[in-house]
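Thanks for sharing this one. Here are my notes, in numbered points, on helix packing and on the spaces inside and on the surface.

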Amino acid sequence: MKTLESQAAAQLLRRVTMSELRALLAIKSAGTLTRAAMALQITQPALSQQLREVENKLGMPLFTRHRRGLEPTPPGHVMLRLAAAFGVDLNIAAQELAMATREETSVLRVGSMAVTSAGLLAVALGRFAQQSPDTQVVLMEGPRETLLEHLRHRRIDVFVGRLPDAGEATDLDRETLLLDGAGVIACAQHPLGRRSRLSLEQLLQAGWILPAEDTSFYQQIAASLRAAGLITPLARIHSYSMLAIPAVVSTSDLIGFLPTSMLASGTMSAGLQRLAVDFDWHASPVGIMTRSEPRVSEQTMQLLAILRSVAASTRGVNGRR
């Protein structure tokens, strides 16, 4: 495979059409040429020909073909990421175009991790909607690294979530709103709720639902337990959805961890209780990140002010910063 300088690679990419990017996006989403062709409402031979044309333009294979299907080559992974970014940009543009036809005055695009969108941000957006009825909010949820890339490329206006380490993402402005711990939750009728004091050692053999192992919240839990000389409990369920954890706990005998910011926000189900577990959690900074720009929109400034107010109330309930 030939090597390319950045300028030469940029010239090759300019030859790729929107239709061809849409075909790559369909292949990425569908997983196979057959399903991608069905999604695009074209024949598989026509899609195969379109893929060959892209590869000919770039002068390199994007996929390795075998009986099980297509396996992306390193350039193929790059082009699939480009196609996915194209899809995000197209969806955002479609939303804003639809809003513009309804004569709505402004759009605020917020990116949030699951750990904040159901707690701190949910309360803040409710207040923002009341105070700014002419502003439409588009909420995008996802992993931190993905959302920070969206922020850099202006697909979102502000990020809300767990902040990266101080030495990371230094090209963006950051503000810590609170230091978030964790609590242990159970359903309202769970017999453990009758205990006035519990230790985590007593709970390690219980049935658990935990966040997925590659999430920042799971890593915070694991680090806190390791520091106390404890192992992370085995989970019957691992969840990428923060909303699923309290929902499952409230309807079962499983117990789980939940960020204290979500517990303090008042957005959790009345069918839950927080167990009286005495444990010193490693705090995780939760805050906002924006682009380093001299001017910030009035709508963004208003949302940030509301977030600071909600965070101050949450810190008061938590009893810690």
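1. The crossing of helix 2 and helix 3 is right-handed; a crossing is called right-handed if the near helix is turned clockwise from the far one by less than a right angle, and left-handed if anticlockwise. Helix 2 covers residues 18-30 and helix 3 residues 33-40, where helices (H or I, at least four residues) and strands (E, at least two) are DSSP runs numbered from the N terminus.

2. A word on the basis: this is a predicted model, in which local features need pLDDT of at least 70 and side-chain atom pairs count only at pLDDT 80 or more, while totals for chains, interfaces and linings use all residues. Residues are numbered from 1 along each chain as its sequence is written, and side-chain values use heavy atoms, with hydrogens and water left out.

3. Back to the first pair: the axes of helix 2 and helix 3 come within 8 Å and cross at roughly 125°. Axes here are lines fitted to C-alpha atoms, for helices over the stretch in contact, and angles run from 0 to 180 degrees between N-to-C directions. The two helices are therefore oblique to each other (under 35 degrees counts as roughly parallel, over 145 as roughly antiparallel, 65 to 115 as roughly perpendicular, and the rest as oblique).

4. Which residues in helix 2 meet helix 3? Arg-22, Ala-23, Ala-26, Ile-27 and Ala-30 do so, and their partners in helix 3 are Leu-33, Arg-35, Ala-36 and Leu-40 (contact means heavy atoms within 4.5 Å). The residues of this contact divide into seven nonpolar, no polar and two charged; Ala, Val, Leu, Ile, Met, Phe, Trp, Tyr, Cys and Pro count as nonpolar, Asp, Glu, Lys and Arg as charged, and the others, Gly among them, as polar.

5. Helix 2 also packs against helix 4, at an angle of about 115° with the axes 10 Å apart, and this crossing is left-handed. From helix 2, Ser-19, Glu-20, Ala-23, Leu-24 and Ile-27 meet Leu-47, Gln-50, Leu-51, Glu-53, Val-54 and Lys-57 in helix 4. By class, that contact has six nonpolar, two polar and three charged residues.

6. The whole structure holds one cavity of 30 Å³ or more. On a 1 Å grid over the protein atoms alone, a cavity is a set of points where a 1.4 Å probe fits but cannot get out, a pocket is an open set with protein on both sides within 12 Å along at least five of seven lines, and lining residues have an atom within 4 Å of a point. Grid points are joined across faces, edges and corners, and a volume is the space filled by probe spheres set on the points. Glu-20, Ala-23, Leu-24, Ile-27, Leu-47, Gln-50, Leu-51 and Val-54 line the largest cavity, with helix 2 and helix 4 (44-58) each supplying at least two of the lining residues.

7. The largest pocket has about 390 Å³ of space. Of its 17 lining residues, Met-113, Pro-143, Asp-214, Thr-215 and Ser-216 are the closest to its centre. Helix 10 gives the most to this lining, with three residues, and the lining has eight nonpolar, five polar and four charged residues.

8. About 260 Å³ lies in the second largest pocket. Among its 14 lining residues, the closest to the centre are Arg-144, Leu-163, Asp-165, Ser-216 and Ser-284. Helix 10 again supplies the largest share, four residues.
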